[in-house]
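Biologist: Before I rely on the labels attached to this model, I would like to hear the reasoning behind them. Could you take me through them one at a time?

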Amino acid sequence: MPLDTAHFVRLLSSELDTATRLHDLLSQELDTLNTGDSAALQALNPAKQELLTLLRQQASERLNWMTASQLPHSAECLEAPDIATEPDIIDLWQHLAARYETNRDLSARLGDLVLAMRFRTQQKLKILHAQQNDPHLYNQQGQASGVSRGFRSIEA
């Protein structure tokens, strides 16, 4: 029984469209993080969650169709006789894989940026709350205060 390649094309196209829209939103989120506009960042979150939910649904639908069609869930499915003759499917598959990879990389960059911003914010809060913040550099004997004996590099 031949595969319904037109349905597979529609599944891949819709998933690629959603992944592209998610990429645009993640790029916008990166720009917003760089400008420090927390209100705009908060406004982007519901749209991002909606796109992620839609992308999960579409990927699940595609994988269910591939399972029902007895196709592997990897690029090996492109070797199936009905699919190998369809250049549109091969192109869509490659574009979708590339989009997932760029989204993963962009998401990792966003995660690193958020963690760095969180660390800086925590450091500022420690300073504001006077935690680990000794304003006296030297004590009455002229020695650095707050430094344990084992951390001095040279003692005269």
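Modeller: What follows is a set of questions about the labels used for this model, each answered by setting a value against its cut-off. Please keep in mind throughout that the model is predicted.

Biologist: What makes up the protein, in terms of helices and strands?

Modeller: The protein has 4 helices and 0 strands, and from the N terminus on its elements run α-α-α-α. Of the 156 residues in the protein, 25% are buried.

Biologist: How do you know what span to expect for helix 1, and what does the model give?

Modeller: Helix 1 covers residues 5-35, which is 31 residues, and the expected span is 1.5 Å times one less than the number of residues. That expectation is 45 Å, and the distance from the first C-alpha of helix 1 to its last is 45 Å, so the two values are close. After helix 1 comes Gly 36, with a positive phi near 80°.

Biologist: Why are helix 1 and helix 2 called roughly antiparallel?

Modeller: Their axes come within 9 Å and cross at roughly 160°, and angles over 145 degrees count as roughly antiparallel; helix 1 and helix 2, the latter being residues 38-68, are therefore given that description. The crossing is left-handed, and the contact of helix 1 with helix 2 has 19 nonpolar, 6 polar and 6 charged residues.

Biologist: What makes helix 1 roughly parallel to helix 4?

Modeller: The axes of helix 1 and helix 4 come within 9 Å and cross at roughly 25°, and since angles under 35 degrees count as roughly parallel, helix 1 is described as roughly parallel to helix 4. By class, their contact has 19 nonpolar, 9 polar and 4 charged residues, and the crossing of helix 1 and helix 4 is left-handed.

Biologist: Why are helix 2 and helix 4 called oblique?

Modeller: Helix 2 and helix 4 pack at an angle of about 140°, with their axes 15 Å apart. The roughly antiparallel class needs an angle over 145 degrees, the roughly perpendicular one runs from 65 to 115, and the rest count as oblique, so helix 2 and helix 4 are oblique to each other. Their crossing is left-handed.

Biologist: How do you know that Glu 29 and Lys 48 meet in a salt bridge?

Modeller: The N to O distance between their side chains is 3.1 Å, and a salt bridge requires a side-chain nitrogen of Lys or Arg within 4 Å of a carboxyl oxygen of Asp or Glu, so the pair qualifies. Glu 29 lies in helix 1 and Lys 48 in helix 2, so this salt bridge ties together parts that are 19 residues apart in sequence.

Biologist: Why are Glu 29 and Lys 48 called buried?

Modeller: Buried means under 20% relative accessible area; Glu 29 has 8% and is therefore buried, while Lys 48, at 16%, counts as buried as well.

Biologist: What makes Asp 17 and Arg 21 a salt bridge, and how are they placed in helix 1?

Modeller: Their side chains meet at 3.5 Å, N to O, a value within the 4 Å cut-off. Being 4 residues apart in helix 1, Asp 17 and Arg 21 are separated by about one helical turn. An α-helix has 3.6 residues a turn, so residues three or four places apart point the same way. Asp 17, with a relative accessible area of 42%, and Arg 21, with 37%, are both partly exposed, because that class lies between 20% and 50%.

Biologist: Which residues of helix 4 meet in a salt bridge?

Modeller: The side chains of Glu 101 and Arg 104 do so, at 2.6 Å, N to O, and this value too is within 4 Å. Both residues lie in helix 4, residues 87-128, and are 3 residues apart, about one turn of the helix. Glu 101 counts as partly exposed at 38% relative accessibility. In total, the structure holds 4 salt bridges.

Biologist: Why is Gln 70 called exposed, and what is its phi?

Modeller: Gln 70 has a relative accessible area of 72%, and exposed means over 50%, so the label applies. Gln 70 is found in the loop between helix 2 and helix 3, and its phi is near 60°, a positive value in a residue other than glycine. Most residues other than glycine have a negative phi.

How values were computed
Residues are numbered from 1 along each chain as its sequence is written. This is a predicted model: local features need pLDDT of at least 70, side-chain atom pairs count only at pLDDT 80 or more; totals for chains, interfaces and linings use all residues. Side-chain values use heavy atoms; hydrogens and water are left out. Helices (H or I, at least four residues) and strands (E, at least two) are DSSP runs, numbered from the N terminus. Axes are lines fitted to C-alpha atoms, for helices over the stretch in contact, and angles run from 0 to 180 degrees between N-to-C directions. A crossing is left-handed if the near helix is turned anticlockwise from the far one by less than a right angle, and right-handed if clockwise. Ala, Val, Leu, Ile, Met, Phe, Trp, Tyr, Cys and Pro count as nonpolar, Asp, Glu, Lys and Arg as charged, and the others, Gly among them, as polar. Buried means under 20% relative accessible area, exposed over 50%, partly exposed in between (1.4 Å probe, protein chains only).
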